Structure formats: C-alpha cells, structure tokens
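Please examine the structure shown below, together with its sequence. The paragraphs that follow lead through a loop and then through the interior.

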Amino acid sequence: MAAMVGRAPVALAAVAAMVPAGVRAQTPPEGVAVSLRIDACVDVDAAEVRRLFALELGASVPSAVERDDPDAIAVTAHCDGPLVQVGVRDPVTGKSLARRIRLGAKGRERLLALAMMELLVASWIELQAPPKVAPADARAPEATRRSARAIATRRLPAAPPRWRATAAAVGGAVAGRDGWRLGGGVRVAFDGPASIGWGADVLVESGTRREPLGAVDVTALWGGAWVYVHRSWRSFRARAGVGGRVGSVTLSGRPAGPGVAGGTVSGKLAAPIARATVGILGAGRIAIELSAETGYHVYPVRGRVDGSDGVNVEGGWVAAYLGVGWSW
C-alpha cells in the first residue's frame, strides 16, 4: 500500500455536534479519538477531507487530539481500482467495517468525508442496543465506551417503534343463557411498542336450544375490538385487555309437531368484554393462540316459548377460542 498521508487523529471531542455553537463551546471533550488515514493514491485534498470530516464530527481541526494508539478508532481510505474503499477499525465495538464508493468529478472531498462519517456512525449503531454476545476485540476502556455511547445516543436516531401483527383464523364456543354456540371467524392483533396493542375480529356463531315444543336455533354475527397490554418471552406471549362487541342475533323456532307454531325474533347485540390470550410463535412465524373472554349483553333478546321466556340472549357469557395464523 502506498504511504499514508495526512495522518491526524481527530477527537470526537464534543460531538455534541448537532447543538448550537454556543452550547457546544461549553461541552467538555468526550475523550473518544478517531485516527483519520488517507492513502496517497486517493485523488483528493487530504487536508480538506480532514477538515470536512472534523466538521461532520462537530469538532474543528485545531481542537484535534493526537491519539494514535489501540484505543483510537482508525478510519481509512485507500484505492481499490477505480473505486475507493473506506474502512473503520473500531475498538469501541470490536469490529471492522468496509465499503467501496465511487467518487465523482466534483465535490470529491465532501463525498469522501461523508462516506467516512456514515461508516463510523454505522459502527456505533449497536451502542444503542449492545449485542448479547460481547465481542472479544472490544478492547477500548469502559470510559471510552461510555463516551461513544453518549455520542451515539445524541447523534443516532432512535429506532422506530416496532409493531408486530398477527392474523389468524379462530374457532371456539360461547356459553350463556341461550346455551352453547359454536363458530369462528378471523382475528387480527397488533402488538405495539410500550407493551400496548389493539385487535379486532369478526365472528359467526350458531347453536340450538331444545325445548319441549321444539327447537330454537340461535345465530349471532358480531364483531369486536379491544385494547390490551402484552408481554413476550422468547416464543411465548400473552395479552390481556378490554373492549366491546356489537352485532345482531336471530332466534328461529322449529316446532316439534303440526300443532305448534314457530317464529323468528331478531335483535341487536352489544357487550363490553374482557379478554386474556396466551400463545406461541412457532417455525415459519406460525402463531397458535388460546383466548378466554367474558362479557355482558347490554340489550337482551328474548324468544318466547309457550307464552313464557324460553330462549334468552341476555346477561353474562363466557367464551374460549383457539386461533391459528401467521405473525410478522
């Protein structure tokens, strides 16, 4: 490799870079040094690159601190055919990064300084969420790591909130004053940041209640929405929340004999609900969930049998559902 030129480490002193100059002047140096090295074959003004790089860091060249030791972060640029390879050897995070870039005919110093800074910032992204397995080559002192982490916190944008969605086909049973209803439908859930989420579903359920004079078929179509808190442990997750349901129900009488008349009664359904769900996330992002729900019918719907109340959709109810779907 051709001899290195322009060897001048640049301190990340006060990379409180994105604050006004008056505030920055009062910020003490943070003690993280960067050694900038540019191969002589790279057709740029090395001094100008260093100046622009220092501006990107939020420090000026006169305030640079000479640090050419194992704790200094080496940012380099050398020729790779018609391209320029930019590299970072970072003892703070214990890794090395490299990227090839093509410099245009104009603004070459500016482009190279930006590329160097971007690669250095990319190396520090993990400081916001350190890896679970510590790198063996992260030999910078803890004080240097704390300083770099503070810089990363100020410089790097926070990771966007992550939502996890689950769509599933569900089936289950409802037990209430009208007896048992079986059915199913589709359900979606969105697990959001800060352990808050929301979900919705649409269900169709039906059941039959036997009476001495015949049978009454009960068919319900309703949808629900709820908000919940959630928690995950590896592939296991749990949700608990409250919401509501609205829809309609139809009671249809089927006489047992020719001397009995049958009829149909329809009404609306509305109920507050409480729900708890547990599930596992399997291979291929397949989600399997079991949920329990309880609620209370706000609007009673009553079917009269032989002149008295016979089949009533009213009061409290409980339900259990099994869902299988996909999570992403």
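A194 sits in the loop that runs between β8 (179–191) and β9 (196–211). In this predicted model, A194 has a positive phi of about 60°, although A194 is not a glycine. Most residues other than glycine have a negative phi. A194 counts as exposed because its relative accessibility is 71%, and the cut-off for exposed is over 50%.

The loop between β8 and β9 also holds S195. The phi of S195 is likewise positive, near 65°, and S195 is not a glycine either. With a relative accessible area of 34%, S195 is partly exposed.

Attention may now turn to the interior. The largest nonpolar core has 28 residues, and those that touch the most other members are F53, L112, M116 and L120. At least two residues of this core come from each of β3 (33–39), α2 (46–57), β4 (73–80), β5 (83–90) and α3 (108–124). The greatest contribution to this core is that of α3, with 8 residues.

Which residues is L120 in contact with, once its neighbours within four places in sequence are left aside? They are V34, F53, L57, I73 and V88. One of them, F53, is also named with L120 among the core residues that touch the most other members.

Apart from this largest core lies another one, made of 19 residues. Its members include A168, L269, V311 and V313.

How values were computed
Residues are numbered from 1 along each chain as its sequence is written. This is a predicted model: local features need pLDDT of at least 70, side-chain atom pairs count only at pLDDT 80 or more; totals for chains, interfaces and linings use all residues. Side-chain values use heavy atoms; hydrogens and water are left out. A nonpolar core is a set of buried Ala, Val, Leu, Ile, Met, Phe, Trp, Tyr and Cys residues joined through side-chain atoms within 4.5 Å. Buried means under 20% relative accessible area, exposed over 50%, partly exposed in between (1.4 Å probe, protein chains only). Helices (H or I, at least four residues) and strands (E, at least two) are DSSP runs, numbered from the N terminus. Contact means heavy atoms within 4.5 Å.
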